Amino acid sequence: MKQTTNSILMIRPVAFRMNEQTAVNNYYQKVLDGLHPETVNAKAQQEFDAFVEKLRAAGINVIVVEDTKSPDTPDSIFPNNWISFHENGDVALYPMFAENRREERREDILDLLEDQGYRIDNIVDYTSAEEDNIFLEGTGSLLLDRANGKAYCALSPRADEELLIEFCEDFDYAPVIFEAFQTVNGERKLIYHTNVMMCLGETFAVICADSIDDKQERKMVLDNLKADGKEVILITEDQVNNFAGNMLEVRGKDGKRYLVMSAAAYKSLKPVQIEKLEYHCEIISSSLDTIEACGGGSARCMMAEVFLPKE
């Protein structure tokens with residue numbers, strides 16, 4: 001199984017704003033005072049377009065879908081939470097914590113991918129778990145090591161252990177389960193998505209080991225990464241707050257490897273960390289300040305990797 005893909009799906013926002021329904025346990029969201037909602041969306045669109053342009057310039061195949069005004073989906077810019085695509089032609093649909101995020105799931109996006117020559121054989125739908133208030137938010141909750149068949153998951157209100165295990169049985173992954181925390185007003189609170197504190201590349205892993213408070217769990221996670229031959233590059237909690245964990249490795253022209261992150265994430269890295277990352281792949285960074293502040297998500301969350309086979 002390939003760990004990286006050349007094709008990514010991105011959703012261009014039409015009514016992006018801070019989502020009050022996700023703010024209850026996403027402590028990275030901020031209210032931008034004095035900004036009109038239309039201004040926020042216009043800024044988000046500018047950041048989105050500039051980001052897509054940089055990716056395409058590197059030869060990455062970006063499939064852009066315009067969001068719709070109705071229904072109201074302020075977080076549609078983060079499609080990786082509701083859908084994942086797999087090399088065997090499977091598509092998984094995931095149960096979402098925020099009710100208004102459930103509206104992001106759109107069948108027409110699957111039709112569009114099929115129109116572009118991608119093959120979809122099977123849809124594995126976990127969304128009925130929402131009725132029982134059980135959630136697993138796609139590759140936000142699941143960090144898939146596709147090549148080594150492992151699914152890393154930091155449990156949280158948005159990542160249920162039983163559903164994770166069901167996913168792993170369905171897709172043939174071994175679960176690597178732990179809890180990751182951040183300090184919020186002096187208290188340790190669960191980090192809402194695994195992909196905020198950790199990134200898996202083909203030959204490296206970026207991780208905030210300090211966020212795994214349980215020493216045995218921390219050792220177990222690091223041992224798994226090292227056993228698979230990955231260079232472990234540690235980041236701090238402060239860097240996590242700047243979205244330095246929210247990165248994605250993709251392939252560009254001629255299969256060249258790139259690590260994609262926001263400008264804020266890049267600025268937070270120390271020269272020695274950049275040097276280690278650049279040993280593995282070239283870095284692409286783009287300013288996502290408005291998206292990060294209002295959405296509480298960054299570059300990784302904006303990209304749903306398309307691994308589907310081509311017809």
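Y173 is buried in this predicted model, because its relative accessible area is 8%, below the limit of 20% that defines a buried residue. A neighbouring theme is the ring of F167. The centres of the F167 and Y173 rings lie 5.9 Å apart and their planes meet at 20 degrees, so the pair counts as stacked. F167 is itself buried, with a relative accessible area of 0%.

F167 also pairs with a second ring. With F171 it forms a stacked aromatic pair, in which the centres are 4.7 Å apart and the planes differ by 20 degrees. Both F167 and F171 are buried. Their positions in the sequence bear on this pairing: the two residues are four apart in helix α5, which spans residues 161-171, and therefore about one helical turn separates them. An α-helix has 3.6 residues a turn, so residues three or four places apart point the same way.

These rings belong to a wider group. Y94, Y126, F167, F171 and Y173 make up one aromatic cluster. In total, the structure holds six aromatic pairs. An aromatic ring also takes part in another kind of arrangement: K310 lies over the face of Y118, at 4.5 Å from the centre of that ring.

The discussion now turns to helix α7. This helix comprises residues 215-227, 13 in number, and from its first C-alpha to its last it reaches 18 Å, close to the 18 Å expected at 1.5 Å a residue. Within α7, the residues V221, L222, N224 and L225 are buried. They cover an arc of only 155 degrees around the axis, which means that they sit on the same side of α7.

What does the buried side of α7 pack against? Its buried residues pack against five strands, namely β7 (150-154), β8 (174-178), β11 (198-200), β12 (204-207) and β13 (231-234). The face turned away from that buried side carries exposed residues instead: K215, Q216, K219, K226 and A227.

The two ends of α7 each offer a further detail. At the start of the helix, a side-chain oxygen of D214 comes to within 2.9 Å of the backbone nitrogen of Q216. Just after the helix, G229 adopts a positive phi of about 75 degrees.

Methods
Residues are numbered from 1 along each chain as its sequence is written. This is a predicted model: local features need pLDDT of at least 70, side-chain atom pairs count only at pLDDT 80 or more; totals for chains, interfaces and linings use all residues. Side-chain values use heavy atoms; hydrogens and water are left out. The expected span of a helix is 1.5 Å times one less than its number of residues. Buried means under 20% relative accessible area, exposed over 50%, partly exposed in between (1.4 Å probe, protein chains only). The arc is that of the directions from the helix axis to the C-beta atoms. Contact means heavy atoms within 4.5 Å. A polar contact is a pair of N or O atoms within 3.5 Å; within protein, one must be able to donate a hydrogen and the other to accept it, and residues adjacent in sequence count only if both atoms are side-chain atoms. Rings of Phe, Tyr and Trp (its six-membered ring) pair if their centres lie within 6.5 Å; planes under 30 degrees apart count as stacked, over 60 as edge-to-face and the rest as tilted. A charge sits over a ring if NZ of Lys or CZ of Arg is within 6 Å of the ring centre and within 35 degrees of the ring normal.
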